[in-house]
Amino acid sequence: MSSPKKFGFPWPEFNDGLSYHDVVSPSDAGFTLIQFYSTKYKSSAPLLGWLQRIKSEQITVDGQVATDPDTVLRVDSKLVYHRLPWKEPDAPHLIEVLYEDDDMIALNKPSGLQVLPGGLFQQRTVLTQLQWKANNQGTFEMHKKPHPVPVHRLGRGTSGILLCAKTKLARGRLASYFADGTSHIGGKRDTNQELGKIAKLYRALASGIVDNDKVTINQPIGIVKYPGVGKGLYVASQSGKPALSEVNILERNIQENSTLVQVKIQSGRPHQIRIHLSFIGHPLLGDPLYSVGGQPKCLDCEFINESFAEDGGYQRPAQPVPGDCGYYLHAHKLVLSHPITNEFIEIIAPLPSILQTPDEIKEISIMHQTAQAVEVG
């Protein structure tokens, strides 16, 4: 058996920091420096944190370091906040390639690796590794070379197939596949017509014993305010957008009080499987965030850690957030129409052992034994 193709560069201890640019608008002219940042970007740091950043010479006004928080801003002044380099939390760096051609690449994302920059993870992401991979192939002019870009997301704790586009045309068409699938959920459509050009199949380990062999969940998903999540948290909500999950039971483990399930979604809302399974009373085993009913375990908590880190920003949120790991969810299979050739393509990401049925474990063991016998022979 040939070894899977992998790529990835080890993460440096500290990232490169970040620079955030602003231009003072007429409505903000007359604000002091501390008023501007502590009101417009209060989700980034508390007031004392912004004062520390100013005193630490991390902010420039029209190219000059500003250390006086009471500096009055003028219209069209250019502000730059230089965030200091920091040590990002641990994350895997090696990524397996499942499929690749001139237009797209499908990756087997490991659990614990974020797809796009956000929060504490700005460098340790799939996107960074794709950029580094492109540079390592002999060019630093990335605009002249196909640059793979993820066309959808997987949660940091979710593993499995992540589809990325290499060209602008492929990116546009693949993005439309996902949008098209979601837009038809809950709407009227000819049942004989093919539903979208892409479908995803997941494996998950749910808590408790699911009674029915098949469950269809069509609970809408919306957003609520939640401490530590600036854009809000996705939850089960009757006023939300339509979402559809088809669940099939693969194995019930009475001793462990868990159920191995297969979930089919056409495209998906953020955290859809986690929310839908918790909505029917079976949150993913080990999910630190979602509880029964498709709601967070601490929806009414208003507590935010007002202490700040070395760079002036907030410490890690006090309550669980969507990027936290601990659950078992794997994007196992993806079928799609190729964005350029329209060829039917099926991509499979090998299952983690905890998400395999006993028969699958036995079959894989036999395959390995056979492969070893062939190599010895």
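User: Let's start with the open sheet of four strands. What is its strand order?
Analyst: This is a predicted model, and in it the four strands of this open sheet pair in antiparallel fashion. The edges are β2 and β4, each pairing on one side only. Reading across, the order is β2-β5-β3-β4.

User: Which residue of β4 is the bridge partner of V61?
Analyst: Strand β3 covers residues 59–61, and β4 covers 64–65. The two run antiparallel and are joined by two bridges. In β4, the partner of V61 is Q64.

User: How far apart in space are L33 and V61, C-alpha to C-alpha?
Analyst: L33 sits in helix α1, residues 33–40. V61 is on its contact list, along with I54, I59, A66, D68, P69, T71, L73 and L79, once neighbours within four places in sequence are left aside. The two are 28 residues apart in sequence, and the C-alpha to C-alpha distance is 9.1 Å.

User: Is L33 buried or exposed?
Analyst: Buried means under 20% relative accessible area. L33 has a relative accessible area of 0%, so it counts as buried.

User: And T32, buried or exposed?
Analyst: T32 lies in the loop between β2 (18–23) and α1. Not counting residues up to four places away in sequence, T32 touches P69, D70, T71, V72 and L73. Its relative accessible area is 13%, so T32 is buried.

User: What about I34: how far is it from L51 in space?
Analyst: I34 is in helix α1 too, and its relative accessible area of 10% makes it buried. Beyond four places in sequence, I34 is in contact with L47, W50, L51, I54, P69 and D70. I34 and L51 are 17 residues apart in sequence, with their C-alpha atoms separated by 6.8 Å.

User: Which element gives the largest share of the largest nonpolar core?
Analyst: That core has 47 residues, and the members touching the most others are L107, L163, L174, Y202, V247 and L336. Take L336: leaving aside neighbours within four places in sequence, its contacts include L163 and L174, plus M104, K197, I198, E343, F344, I345 and I347. The largest share of the core is five residues, and it comes from β9.

User: How many residues are in the other core?
Analyst: It lies apart from the largest one, and V24, Y37, V61 and L73 are among its members. V61 and L73 are also on the contact list of L33. The size of this other core is 14 residues.

User: Which residues of helix α3 are buried, and what covers them?
Analyst: Helix α3 spans residues 126–136, and its buried residues are V126, L127, T128, Q129, L130, K133 and A134. Their cover includes β1 (6–7), β6 (95–100), β7 (104–109), β8 (149–150) and β9 (159–165).

User: How many of the eight residues in α5 are buried?
Analyst: Helix α5 runs over residues 272–279 and is mostly covered. The buried ones are Q272, I273, R274, I275, H276, L277 and S278. Just after the helix, G281 takes a positive phi of about 95 degrees. For α5 itself, the count of buried residues is seven.

User: How many disulfides does a search of the whole structure find?
Analyst: A disulfide is a covalent bond between the sulfur atoms of two cysteines. As for individual cysteines, C164 is buried at 0% relative accessibility, while C325 is partly exposed at 29%. The number of disulfides found in the whole structure is zero.

User: Where is the pLDDT under 50?
Analyst: The mean pLDDT of the protein is 88, and 84% of its residues reach 70 or more. Where pLDDT is low, the predicted coordinates should not be read in detail. One such stretch has seven contacts beyond four places in sequence, and another has ten beyond near neighbours. They are residues 138–144 and residues 185–195.

User: Zooming out, what share of the 377 residues is buried?
Analyst: The protein comes to six helices and 19 strands. Its accessible surface is about 19,800 Å², with 52% belonging to carbon and sulfur atoms. The buried share of the residues is 45%.

User: And what share of the contacts with a separation of 6 or more joins residues 24 or more positions apart?
Analyst: The pair L33 and V61 is one example of a contact, being 28 residues apart in sequence. Across the protein, residues 24 or more positions apart account for a share of 65%.

Terms used. Residues numbered from 1 in each chain as written. Predicted model: local features only at pLDDT ≥ 70, side-chain atom pairs only at ≥ 80, totals over all residues. Heavy atoms only, no water. Buried < 20%, exposed > 50% of the residue type's maximum accessible area, 1.4 Å probe, protein only. Contact = heavy atoms within 4.5 Å. Disulfide = S-S within 2.5 Å. Core = buried A, V, L, I, M, F, W, Y, C linked by side-chain atoms within 4.5 Å. Areas by Shrake-Rupley, 256 points an atom, 1.4 Å probe, with all protein chains shown as cover. pLDDT = per-residue confidence, 0-100. Pairing = 2+ DSSP bridges.
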